[in-house]
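Please work through the exercises below with the sequence and the model open beside you. Each one sets a task and then solves it step by step.

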Amino acid sequence: DGEVHINELKNGNTEMFWNPTSEVRRQRLKRHIVLFEEQTDFESERLWQHVTSAINKGDQHKATQEKFVLEEEQRNAARERRESGMEWKPLLFQHDAGTNEWRYKYEDLRPWDPLNDIAQFEKDGILQTMERHLSTRISNHKATCINNQITRHKRSAKDCRRRKTSDQPSNHSQNTESSCSTPESVQELSDDDGKYLGFESLCAQCGKEMNHLKEIHSAVLSLQKAQQDIHR
């Protein structure tokens, strides 16, 4: 948060390397933290509050004492678990036998994708990434609808064939026979406009999901344009 300078030892010149101006500060991402009164007993800010307070007051002796109290409580708790045979199961970390280190279970080491990733947030200790592409859930539901419609269509075609092979030469049979159609192959299906050849249109839920996705896509495009204007 302060100015950083590069000092050239040979000639004594000083060059500004970093200056967090008010403009730079305004561009920073907003930091969201859990309110102190909403934190549990083992949240770092609450757990180390007395140590932090002593450090801020410049009382290193008090800070050392408070730190010792915390660590002694942790050692006693570990000793009690060991004596009672209770296994300690971390909620958010797992031990890596290869490096002999504890690693966060939900770490996301992939590069940030500015075209798809919107924001990263924490909920119940789990880091998650909000993404723009929400089509997976819709695609799964759409596939279910297609399969259901294919099943109904095949059942209808099977009934038609059964009636065609019937030996009843009545007018009713002839009318039913002429009303039957050959089922279209699955390969001919097209979902370019959200409809499928030879099948019913999307169910109500699919339609709502598609409209919702279009609205989100439109909003994202607007945000991208605004970002481009800001960069320019």
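The exercises that follow treat a helix contact, two pockets and two hairpins.

The model is predicted, so local features need pLDDT of at least 70 and side-chain atom pairs count only at pLDDT 80 or more, while totals for chains, interfaces and linings use all residues. Residues are numbered from 1 along each chain as its sequence is written, and side-chain values use heavy atoms, with hydrogens and water left out.

**Exercise 1. Describe how helix 3 and helix 4 are placed against each other.**

Step 1. Helices (H or I, at least four residues) and strands (E, at least two) are DSSP runs numbered from the N terminus, and here helix 3 covers residues 49–56 and helix 4 residues 60–84.

Step 2. Their axes come within 8 Å and cross at roughly 170°, where axes are lines fitted to C-alpha atoms over the stretch in contact and angles run from 0 to 180 degrees between N-to-C directions. Helix 3 is therefore roughly antiparallel to helix 4, a term for angles over 145 degrees.

Step 3. With contact taken as heavy atoms within 4.5 Å, helix 3 contributes His50, Val51, Ala54 and Ile55, and helix 4 contributes Lys62, Ala63, Glu66, Lys67 and Leu70.

Step 4. These residues divide into five nonpolar, one polar and three charged; Ala, Val, Leu, Ile, Met, Phe, Trp, Tyr, Cys and Pro count as nonpolar, Asp, Glu, Lys and Arg as charged, and the others, Gly among them, as polar.

**Exercise 2. Characterise the lining of the largest pocket and of the second largest pocket.**

Step 1. On a 1 Å grid over the protein atoms alone, a pocket is an open set of points where a 1.4 Å probe fits, with protein on both sides within 12 Å along at least five of seven lines, and lining residues have an atom within 4 Å of a point.

Step 2. The largest pocket has a volume (the space filled by probe spheres set on the points) of about 1700 Å³. Of its 35 lining residues, Phe42, Glu43, Ser44, Leu92 and Gly125 lie nearest the centre, and helix 4 gives the most, with six residues.

Step 3. The second largest pocket has a volume of about 270 Å³, and among the residues that line it are Trp112, Arg132 and His231. Helix 7 (204–231) and strand 5 each give two or more residues to this lining, with helix 7 giving the most, at five.

**Exercise 3. Locate the positive phi in each of the two hairpins.**

Step 1. Strand 5 pairs with strand 6 (residues 126–131) in the antiparallel sense over six bridges, pairing being at least two bridges found by DSSP. Two residues lie between these strands, and Asp124 takes a positive phi near 55° in the hairpin.

Step 2. Strand 1 (residues 4–7) and strand 2 (residues 14–18) run antiparallel and are joined by four bridges. Their hairpin has six residues between the strands, and Gly12 takes a positive phi near 80° there.

Note on methods:
Angles under 35 degrees count as roughly parallel, over 145 as roughly antiparallel, 65 to 115 as roughly perpendicular and the rest as oblique.
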